[in-house]
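Colleague: I'd like a close look at one part of this model, please: the salt bridges, and how exposed their partners are. Once that is clear, do carry on to whatever else helps me picture the surroundings.

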Amino acid sequence: PGQIWPKDGVVPPKDKGIVVVRTEPLPLTYTALQVRYEDEGGEENHLWTHLRIKSEVFDISGGWCGGTAADGKHLFLHEPYLKQLKRLYVNAAHVGEIDGFHDNIGTGGLYDQYPIKQFGNPSREKYDSVEMVRHVHGYELLGEPQLPFADGGHLPQEVFRTFHKLFDSHIPTTITLSDEGTFPYYAGLSDFPHYDAYRVCAPAADVWTRYDRWGGERIGWAAPLEGIGEMCRVLREMSRPKPAAIWSQGPHEGWYEMDGRTRTSPTPDELRVQAYHALSSRITSLYWFNLSLKSQLMYRDTLNEITRIGREIRMLEEFYLRGDAYRYEQVRTTDGELDWDLASLVAPDGALLFALDLAYTPDPETKTFVFGPPRDATFVFELPSYLSGAIDVFRIDADGTADVRFERTEGGVAIADSLSKAGIYVATPDSGLRARLEARRKELVAYEEALGFDPANNDADFETLANLIRR
């Protein structure tokens with residue numbers, strides 16, 4: 001039993017089809033998967049792959065979320081801090097077992113009210129079961145093995161030996177990769193690889209002054225933001241069929257001035273665009289680096305944007321989890337200047353279409369990236385054959401849906417819109433999808449309001465957070 005798209009089971013050359021198979025509950029272990037198909041001549045062929053069966057969940061995590069409050073207790077034992085993390089849509093954190101929090105699962109305590117999965121080295125004795133694995137994002141044991149300063153670095157064979165001991169576990173393994181030059185050597189070692197590199201005022205594996213991106217102007221405080229998408233696509237293809245995730249650049253109070261840039265974290269615009277270069281490549285989890293309380297307090301202006309991105313992910317997460325990357329194109333102006341990155345994900349219900357603005361510039365005074373006002377553009381997207389009858393195309397974001405002018409083309413749709421920074425569109429043959437997505441958005445807004453805590457916009461709530469670390 002199951003479903004197939006296209007309905008006739010015929011996938012045109014260089015196109016994509018989807019098969020959904022329904023089974024009895026499967027063991028959370030490794031499996032060999034065989035796909036049988038017929039070619040154009042009617043001859044049967046076989047495709048094989050090997051992967052871990054795991055529950056696919058889009059987790060939003062934070063780095064360095066732990067720490068001690070002014071009263072000596074862990075921050076996770078303070079309800080205001082947990083409310084703030086939940087407002088940012090965090091459901092996992094790069095933390096280990098916290099006494100008084102994780103050890104109270106199922107008792108109606110703080111964990112049950114504000115569940116946040118572990119992302120580190122969880123106890124196999126406690127969490128390695130079908131019932132408990134849902135409280136863990138994954139094993140994160142070796143830091144950044146590609147980098148020599150990260151615990152001395154770890155060669156691929158060392159990574160394999162470490163993970164081989166966990167092959168019989170229900171808990172997936174994760175690995176953090178940042179240098180594309182050695183991606184191939186680590187490919188396939190982990191159940192859930194993730195990319196970790198930032199484009200603004202942060203340590204990096206590449207030399208930023210070597211980029212000739214803005215008419216010969218070279219800068220040392222940042223690198224082209226679209227590099228995030230490029231590296232995510234490389235990691236995705238290297239890792240298939242395993243899913244991939246990313247550490248996305250958020251506020252961080254610990255970095256240092258670079259090449260005269262004094263703001264050591266991204267602006268809200270820089271933060272959003274980096275995240276969407278990753279999301280448009282089809283990642284299936286996103287980890288903010290970082291969401292320490294000090295970082296949130298120092299860069300309060302990023303909190304609304306992180307909330308908006310979280311809301312948008314939760315609205316559209318079924319596309320990320322059930323879909324796959326389809327097409328990518330970089331569009332230039334008639335005089336050869338970078339204009340837009342266009343990317344698409346396709347799923348059974350429709351396609352997510354992304355337009356990401358490349359016409360940004362470095363401001364020499366503030367040393368930040370500046371995006372211009374919305375400008376008119378026409379975006380042409382290909383669609384797979386099973387979506388060729390799309391009857392509704394609309395823009396969507398944290399504020400809701402909006403009509404756009406579009407027309408069907410021979411291979412997809414052309415969308416006319418006025419846009420800056422990042423645009424998300426949905427193309428679907430399902431006339432009811434827009435209403436369901438809007439209903440989901442309203443549920444999420446109600447969830448945020450029900451928390452009754454909004455430090456980004458309420459000064460009293462912000463002071464409550466600040467007082468947690470004041471001595």
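Modeller: Happy to! One cut-off first: a residue counts as buried when its relative accessible area is under 20%, as exposed when that value is over 50%, and as partly exposed in between. Please also keep in mind that this is a predicted model.

Let's begin with the pair of Arg199 and Asp206. These two form a salt bridge, and their closest N and O atoms are 3.0 Å apart. Is Arg199 buried or exposed? Its relative accessibility is 3%, which is under the 20% limit, so Arg199 counts as buried. Asp206 has a relative accessible area of 24% and is therefore partly exposed. In this bridge, then, a buried arginine pairs with a partly exposed aspartate. As background, side chains of opposite charge can pair when their charged atoms come close.

That bridge has plenty of company, as the structure holds 33 salt bridges. Another of them joins the side chains of Arg124 and Asp168, at 3.1 Å from N to O. Arg124 sits in helix α3 (residues 124-127), while Asp168 belongs to the loop between α4 (156-164) and β9 (174-177), so this pair ties together parts that are 44 residues apart in sequence. Arg124 is partly exposed, at 31% relative accessibility, whereas Asp168 is exposed, with a relative accessible area of 57%.

Next, have a look at Arg395 and Asp417, whose side chains meet in a salt bridge of 2.7 Å, N to O. Here the partners lie in two strands: Arg395 is in β19 (residues 392-397) and Asp417 in β22 (residues 412-419), so the bridge ties together parts that are 22 residues apart in sequence. Arg395 is partly exposed, with 24% relative accessibility. Asp417 is buried, at 12%. Beyond single pairs, there is also a network, in which salt bridges that share partners join Lys16, Arg236, Glu237, Arg240 and Asp324.

Charged residues turn up in other settings as well. Glu226 is in the loop between β10 (192-196) and α6 (227-239), and with a relative accessible area of 9% this glutamate is buried. Leaving aside residues up to four places away in sequence, Glu226 touches Arg213, His277, Leu338, Asp341, Leu358 and Tyr360.

Now for the helix contacts. The axes of α1 (residues 79-87) and α10 (residues 433-451) come within 10 Å and cross at roughly 165°, and the two helices are therefore roughly antiparallel. Lys83, Lys86 and Arg87 of α1 meet Tyr447, Glu448 and Leu451 of α10. Four residues of that contact are charged, two are nonpolar and none is polar.

Finally, the axes of α7 (residues 268-279) and α9 (residues 303-322) come within 11 Å and cross at roughly 15°, which makes this pair roughly parallel. The crossing is right-handed. On the α7 side, the contact residues are Pro268, Leu271, Arg272, Ala275, Tyr276 and Leu279, and on the α9 side they are Glu305, Ile306, Ile309, Glu312, Ile313 and Tyr320. In this contact, nine residues are nonpolar, three are charged and none is polar.

Notes: Residues are numbered from 1 along each chain as its sequence is written. This is a predicted model: local features need pLDDT of at least 70, side-chain atom pairs count only at pLDDT 80 or more; totals for chains, interfaces and linings use all residues. Side-chain values use heavy atoms; hydrogens and water are left out. Axes are lines fitted to C-alpha atoms, for helices over the stretch in contact, and angles run from 0 to 180 degrees between N-to-C directions. Helices (H or I, at least four residues) and strands (E, at least two) are DSSP runs, numbered from the N terminus. Angles under 35 degrees count as roughly parallel, over 145 as roughly antiparallel, 65 to 115 as roughly perpendicular and the rest as oblique. A crossing is left-handed if the near helix is turned anticlockwise from the far one by less than a right angle, and right-handed if clockwise. Contact means heavy atoms within 4.5 Å. Ala, Val, Leu, Ile, Met, Phe, Trp, Tyr, Cys and Pro count as nonpolar, Asp, Glu, Lys and Arg as charged, and the others, Gly among them, as polar. Buried means under 20% relative accessible area, exposed over 50%, partly exposed in between (1.4 Å probe, protein chains only). A salt bridge is a side-chain nitrogen of Lys or Arg within 4 Å of a carboxyl oxygen of Asp or Glu.
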